[in-house]
Each structure stands twice: as structure tokens, then as C-alpha cells.
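Biologist: I am new to this structure and would like a close look at one part of it, with enough of the surroundings to understand where that part sits. Please go slowly and explain the terms as they come up.

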Amino acid sequence: MNIHEFQGKSILKAYDVDIQEGFVAETPDQAMMVAGQLREKTGTQFFVVKAQIHAGGRGKGGGVKVAKSIEEAGELASKMIGMQLITPQTGPAGKKVKRVLIAQDVYYKGNSDIKEYYISILLNRNVSRYTIMYSSEGGMSIEEVAEKTPERIFTEEIDPGIGLQAFQCRNIAFNLGLSGDAFKNMQKFLAGIYEAFTGCDAQLLEINPVLRTSDNKILAVDSKVVLDDNALFRHPDLAEMRDLNEEDPVEVEAGKSNLNFVKLDGNVGCMVNGAGLAMATMDIIKLSGGSPANFLDVGGGANAKTVEAGFRIILKDPAVKAILINIFGGIVRCDRVANGVVEAYKTIGKINVPVIVRLQGTNAEEAKAIIDNSGLKVYSASTFQDAADKVKEVIGG
């Protein structure tokens, strides 16, 4: 689960990590109010107005601006809130800005002797360890750094059974070229962000940039945190941070029906039970000359209700020319799914695209008879090749 910058910073602060202070606002008036509060709290004269969306590269799209007064903070917020922000990570459609973060200016006059770094923590599944990735080239795209100067990217592997060790923190601070108080403060910073990462069951914690101020403080100026969905039951307070406005509404609807759904750009909708079978189904759609319009896993307990929900979600996509249902009856009986398809037709009404149904496993023969005798515009298939041929036939491939 993705969360906003201001939410990620609140987690870091809870673990005693020094951050760029700020308050969130949803209206220009709120922006001016919190700017005043921020000045009282930190003494900052300038303010950084940051659009809060689930995407990086906000500055390149005009989503990060500096205000030189409280009034200008309100003006910038009025322009930013409601805008469709396009960044390298949003795609051409962009994302609508619904709130902004009013943050203190940490690049103030007299703080010119500063340095930016990149630090992230993530799970390296290849070695079953956490990895801290870091670079002295902060404040820019880490992909660009990796392409142009890969020698400036370092990694430190952490055994989760032991945790981050003091010598590793020293090694990171040394590789970043720090010394004196900054060296010590970086070690404290690293210990704090690691505790935050493990404490909230994150999959990714990325801070770009991490700032060393002229008086050798180490601050998190940005924060990107991705939480593990499967661990949210342990963190009901963090689960409440979910912003449904930042997610695809169709995927949100699918989640309410316990369906695993990902929108794609093709013309053949697919409804499958099991991720592996879903991937194989998308392959046969490609081989048939079509292109998968979605990944949809209904799970092992497919029934009339889940099949109907799957139909409704797939049919929201106007690009879909056909639907392929591919179910292996292990936990679920094929005849139960077949009855679910028939019931879904009756409930939804007219379905204007052809539907190919391949049911194999428990009670597969009974399921095929139900489909064939339903009188509906449904094509039954027995094998993968049969299903691929029927898809090709109905889409005119």
C-alpha cells in the first residue's frame, strides 16, 4: 500500500528520525493557516509547497514550489490543489492533486554548505535479506545515477534475524564521505529509518533527498513508503492511511469483492482462478492474436457472486471484445462455476461480448453440459488450444 509523503514522514518522526517539518492542507486558506503555524514552530521564512500524490518526479511537473511568504503559500496552493499533475511516473493522464504539504525551508540563506544523499531500504527477495541502497548523488533520479555513474551507488545487506549493525551504519556514513558530527548523526538517522522500516512492515522506504545541513544535521526532506498489504492487520492505524482517491477505482471495486485485479491495455478480458493460471491464460490470449485487457484472479472459492463481480468489472472496459474464463476445478467444482456464469448472465442482463469458458478439473463434464445447454452466447472449450482458437475466432484474429 502506497502512502503520501506527509504520512511517511509522520512514521519517521515517530521513530525519532529528523525530518523536514510540515503540515498538510486541503484548501488555500488551510495552507496559509498551517504556514503561519509552521513559522511559529520552526522560524522558517520561506515555505515549500508540495503536491501530495502517489508518484515521484513531482518537481518536474510543477508539483513542488517555493513560497517566500505566507500569502504566496496560499496562492501556490490554490493553483496546485485541483490540478492534474503529470510526472514521469504518472503517465500522460496524470493525477489530480487533492492536498499539499506546506514544509519548512531547509535550504535557507546561510545554509549553503549542504549536501544531498539518496537512501532507501527494501527487501531483496533473491537473498532473503533487507538491502540499504545509498548514494552521494541525492536529489535526482536514482535510475539516472545508475545509468551515468553506477560506481556512486552502494548497497549494504542486512540479515533480518540480526538487524542493522553499528559497523554497517559507520560503513555507510564513511562511503557517503561524512565526518565529525555529520558522521555521528548519519548513524543515528540510519538506525531510526531501519527501525521505522521494520516496525511498520514496509516493503520500501525511500528518502530522496536526505539532507546534511550546514550545521551537520541529517534530515529526511522527502519520504516514499510502501507498506506490506499482508501485514496491515497488525497496523490498523497505518491501514487508515490508505487513500482510495490515488488508486484505480476499478481495482478498488475488485478488492471489495476479494478479487485480485490489474487493468491492462488489451481487448480480451480474462477471469481465472490462480495467479499462475492467469499468467498462462494471458499468454494464450497473446498467442491467439489478442491482447489481455486485465489480470483477474477470482481465487479458489469462485462462486456465482464472485463470477458476477468479475463480469461487471471486466465489462467496465469498453475496449474488451471478448471474455475468456479459465477455471481449474481443484478447490472449487467446475459445475459450481458454470452455474455462476449462467446466474451472472441472468443478473447482469445482456452481455454484448462473446464469452469463452474453459473449465477443467472436478465435475468438468457436468460444467460443460451446463454451459452448452444454457442457451446463452457462451462458447465452451476443453483445452488451452481450443480456448485460444475460439478467442481468435470471436475477435476476428
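Modeller: A good place to begin is T198, which is partly exposed, with a relative accessible area of 25%; on this scale, buried means under 20% relative accessible area, exposed means over 50% and partly exposed is in between, for a 1.4 Å probe and with protein chains only. What you are looking at is a predicted model, in which local features need pLDDT of at least 70 and side-chain atom pairs count only at pLDDT 80 or more, while totals for chains, interfaces and linings use all residues. Residues are numbered from 1 along each chain as its sequence is written, and side-chain values use heavy atoms, with hydrogens and water left out.

T198 belongs to helix 6, where helices (H or I, at least four residues) and strands (E, at least two) are DSSP runs numbered from the N terminus. Computed along the sequence, T198 and G163 are 35 residues apart, yet their C-alpha atoms are separated by 9.3 Å in space.

Helix 6 leads us to the part I would like to show you, the largest nonpolar core, a term for a set of buried Ala, Val, Leu, Ile, Met, Phe, Trp, Tyr and Cys residues joined through side-chain atoms within 4.5 Å. This core has 40 residues, and the members that touch the most others are L12, I119, M186, F189, I193 and L227. Two or more residues each come from helix 1 (5-14), strand 7 (115-124), strand 8 (129-135), helix 5 (166-175), helix 6 (180-199), strand 10 (202-212), strand 11 (218-220) and strand 12 (224-227). The greatest share is that of helix 6, which gives 9 residues.

To see how these elements meet, consider I119, bearing in mind that contact means heavy atoms within 4.5 Å. Once neighbours within four places in sequence are set aside, I119 is in contact with I132, M133 and Y134, with M186, F189, L190 and I193, and with L205, E206, I207 and V210. A separate core, of 32 residues, lies apart from this one and includes V307, V332, V341 and V378.

Returning to the largest core, L12 is one of its best-connected members, and L12 is also touched by S223, together with E5, G8, K9 and E206, when residues up to four places away in sequence are not counted. S223 sits in the loop between strand 11 and strand 12, and even so S223 is buried, with a relative accessible area of 5%.

Some backbone details belong to the same neighbourhood. P209 is in strand 10, and the peptide bond leading from N208 to P209 is cis, with omega near 15°. In the loop between strand 10 and strand 11 lies N216, which has a positive phi of about 70° although N216 is not a glycine, and which counts as partly exposed at 26% relative accessibility. D16, in the loop between helix 1 and strand 1 (22-25), likewise has a positive phi, of about 65°, without being a glycine, but D16 is exposed, with a relative accessible area of 54%. As background, most residues other than glycine have a negative phi, and most peptide bonds are trans.

For another setting in the chain, turn to helix 3 (residues 70-80), whose buried residues are I70, A73, G74, L76, A77 and M80. Down the helix axis these residues fall within an arc of 165°, so they line one face of helix 3, the arc being that of the directions from the axis to the C-beta atoms. Their cover includes helix 2 (28-42), strand 2 (47-51), strand 3 (64-67) and strand 6 (100-104). S78 is also in helix 3, but S78 is partly exposed, with a relative accessible area of 40%. After helix 3 comes G82, with a positive phi near 100°.

Stepping back, the chain has 13 helices and 18 strands, and its C-alpha atoms fill a box of roughly 80 × 50 × 40 Å along the principal axes. Of the 397 residues in the chain, 48% are buried. Among contacts between residues at least 6 apart in sequence, 67% join residues at least 24 apart.
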